[in-house]
Amino acid sequence: MDSPMCLVKNADGELCVEPEAIDYLMGLKQKVVVVSVVGLYRTGKSYLMNKLAQKRSGFALGATIQSKTKGIWMWCVPHPEKTDHTLVLLDTEGLGDVEKGDSKNDAWIFSLAILLSSTLVYNSRGTIDNDAVEKLQYVNELTEMIKVKSSTVDEEEGEGTQFAQFFPNFVWTVRDFTLQLEIDCREITPDQYLENSLQLKKGTSKKISDYNLPRECIRNFFPSRKCFVFPSPTTPDNMQRLDSMDEAELSERFREVADTFCLFIFQESRVKTVIGGHTLTGEMLGHLVNTYVETIAKGNVPCLENAVLAMAKIENQAAVDEGLVVYQKGMEDVKALFPVDINQLSENHLRSETQATKAFMKRCFKDDNGEFLKALVEAISNHTADLFKQNKDASEKKCKALLEKLSALMDQGMKEGTYTTPGGYELYCNHRDNIVAQYRAEPNKGVRAEEVLEQFLKDKSAESNFIQQADKQLTENEKQIQAEKKKTAELEQEKAAFREQQAEMERRIENNRISQEKYLKEMKEKMEKKRKQHSRSSTGRWNAGCRSRKISWRRAIRRRLS
């Protein structure tokens, strides 16, 4: 992507997706690391995003008091540290824009940034004082703006319990910082400065509760926190041309912090994941954006679980389609050879089926009851049945054409009366047996060779009987002996055709058995993986639950006091 494009448009307080940006994401098959920047308007958010894109310009900068970014803008660039990954940068509309005058709209922008991000960068100016923390008021409203589970049972406590597991890493960038990083004459790091600013006060008064609430939310909803303090990049007079200034003209200390910030984001920001730990591609991120924005536009609260389930349904169907395509491509080589024998067809089928299942399993997620895996198995089964029919039809066509070619001289002899003379029956039988011998010697006739031969001999039975009866050289006893020989030969051919059909049926039953075993194995492994994930997450939910109940208790006190 050469330049940023609008992902979520904010028109008159109404949010909607930009189709062009969604289309771009839908074509992005790489895994994505998503970094969003939020903060008050005119605090230099766009500069940080351009820096992360390793470009001098891209996201709109401005030197006036008017906000430049509206809605959410996206820039997808190759990840500088992770091969075959895309870094998705989301620059959000400035919070607190006086021209907008709608705090609810700000809250939705903030919520979307959290829902879509691997790392959330909160950008502010000056210091992290009580005013700065209170301006991050939207964290107080997250339990009202975002739901983790669709269930309403124990909603406040249950959702707060899980927020920390699914929220992005939190990075606070403080711009134009002029203070000394010291506490009680002791030098501290930016991270210690942030943690000190988030310390809670003791007490239960309304004033203390109001003070503690945003800090508790930040501490508990964002357990992974980092802070960077930036000095002013240049003099106030030069700020209006910041986007056109050469890097060498900027403050050396500012450049050092900016480089450290970028390196941290590149190395520490994780691939975007959703409930269940599944990593997202750009295409899947596009589905999430659609779902969240549509939910907000309808006046509903975005739900992580519902969004993931909706995305899973789309992705799992795509996984079924992809698996079927893999199977079809795997069968193209053998299909070009039709007709082939049942073993060759079955071996290619089982190999292609395994490749298709692997492709499906690599892409699917949250197919807990195996609904989509079963759909793939059925789709492959239907396609396999069609291939087996095509192979049988090809075999029948080839065999009939071969017999027609081999029997052409004999048919001509029938027309010319060659076999209606004394001794004609013996000549006819010799020619017929020679045709059968030549036919059987021909390789690669496929799965209907004996069945077609059986039908051919049955079709010739009437003319054979006619020639036999017309041959005056044969005695009645000889005619009876020849009739018995013919009957025995026909019976043997019936048995050969039956054995051919039985071999095909047994091999197809064996194929079904192997496919069923694979299906059961995949389901067993899926259930075991789900059990382990549930076991690992239980501990996290317990620890987060303790913190969440504490927040809920303090919130309840705050409500009573107010």
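This talk walks through the helix packing, the nonpolar cores and a few individual residues of one protein chain, and the model is a predicted one.

Let me begin with the overall make-up. The protein chain has 562 residues, of which 46% count as buried, and its secondary structure comprises 18 helices and 10 strands. If we take the contacts in the chain with a separation of 6 or more, 75% of them are between residues 24 or more positions apart.

Now to the interior. In the largest nonpolar core there are 73 residues, and those that touch the most other members are Leu7, Met74, Phe110, Leu142, Ile146, Trp172 and Phe222. Helix 3, which spans residues 103-116, gives this core its largest share, namely nine residues. There is also a second, separate core, made of 27 residues, and its members include Trp75, Val171, Met245 and Phe266. As general background, nonpolar side chains in soluble globular proteins tend to be buried together.

One of the residues I just named deserves a second look, and that is tryptophan 172. Which residues does tryptophan 172 touch, not counting those up to four places away in sequence? Among them are Tyr122, Ser124, Ile128, Ala132, Val133 and Leu136, and further along the chain Leu194, Ile218, Lys226, Cys227 and Phe228.

I turn next to two helix pairs. Helix 11, residues 304-330, packs with helix 13, residues 342-363, at an angle of about 155°, and their axes are 8 Å apart. With angles over 145 degrees counted as roughly antiparallel, helix 11 and helix 13 therefore fall into that class. Their crossing is right-handed. On the helix 11 side the contact includes Glu315, Asn316, Ala318, Ala319 and Tyr327, while helix 13 contributes residues including Asn348, His349, Phe360 and Arg363. Sorted by class, the residues of this contact comprise eight nonpolar, seven polar and four charged.

The second pair is helix 15, residues 408-416, with helix 17, residues 449-470; here the axes come within 13 Å and cross at roughly 45°. Helix 15 and helix 17 are therefore oblique to each other, and their crossing is left-handed. The residues that meet are Met410, Asp411 and Met414 from helix 15, and Lys460, Glu463 and Ile467 from helix 17. By class, this contact has three nonpolar and three charged residues, with no polar ones.

Let me now go through some backbone details. As a general reminder, most residues other than glycine have a negative phi, and most peptide bonds are trans. In this model, phenylalanine 338 and proline 339 are joined by a cis peptide bond, with omega at about 5°, and proline 339 sits in the loop between helix 12, residues 332-335, and helix 13. Aspartate 84, although not a glycine, has a positive phi, near 60°. This aspartate 84 belongs to the loop between strand 4, residues 72-78, and strand 5, residues 85-92, and it counts as exposed because its relative accessibility is 56%. Lysine 366 likewise has a positive phi, near 55°; its place is the loop between helix 13 and helix 14, and with 31% relative accessibility it counts as partly exposed.

Finally, three residues that I would like you to find in the structure. Is threonine 281, in the loop between helix 9 and helix 10, buried or exposed? Threonine 281 counts as buried, because its relative accessibility is 16%, where the cut-off for buried is under 20%. Setting aside neighbours within four places in sequence, threonine 281 is in contact with Leu28, Lys29, Gln30, Lys31 and Val32.

Glutamate 504 is found in helix 18, residues 476-561, and it is buried, at a relative accessible area of 9%. Beyond its neighbours within four places in sequence, glutamate 504 is in contact with Ile342, Phe388, Lys392 and Val447. As for isoleucine 342, the two residues are 162 residues apart in sequence, yet their C-alpha atoms are 6.1 Å apart in space.

Lysine 405, which lies in helix 14, residues 371-406, counts as exposed at 65% relative accessibility. The C-alpha atom of lysine 405 is separated by 10.0 Å from that of tyrosine 439, which is 34 residues away along the chain.

Conventions
Residues numbered from 1 in each chain as written. Predicted model: local features only at pLDDT ≥ 70, side-chain atom pairs only at ≥ 80, totals over all residues. Heavy atoms only, no water. Core = buried A, V, L, I, M, F, W, Y, C linked by side-chain atoms within 4.5 Å. Buried < 20%, exposed > 50% of the residue type's maximum accessible area, 1.4 Å probe, protein only. Helix = DSSP H or I, 4+ residues; strand = E, 2+ residues; numbered from the N terminus. Contact = heavy atoms within 4.5 Å. Axes fitted to C-alpha atoms, helices over the stretch in contact; angles between N-to-C directions. Parallel < 35°, antiparallel > 145°, perpendicular 65-115°, else oblique. Left-handed = near helix turned anticlockwise from the far one by under 90°. Nonpolar A, V, L, I, M, F, W, Y, C, P; charged D, E, K, R; others polar.
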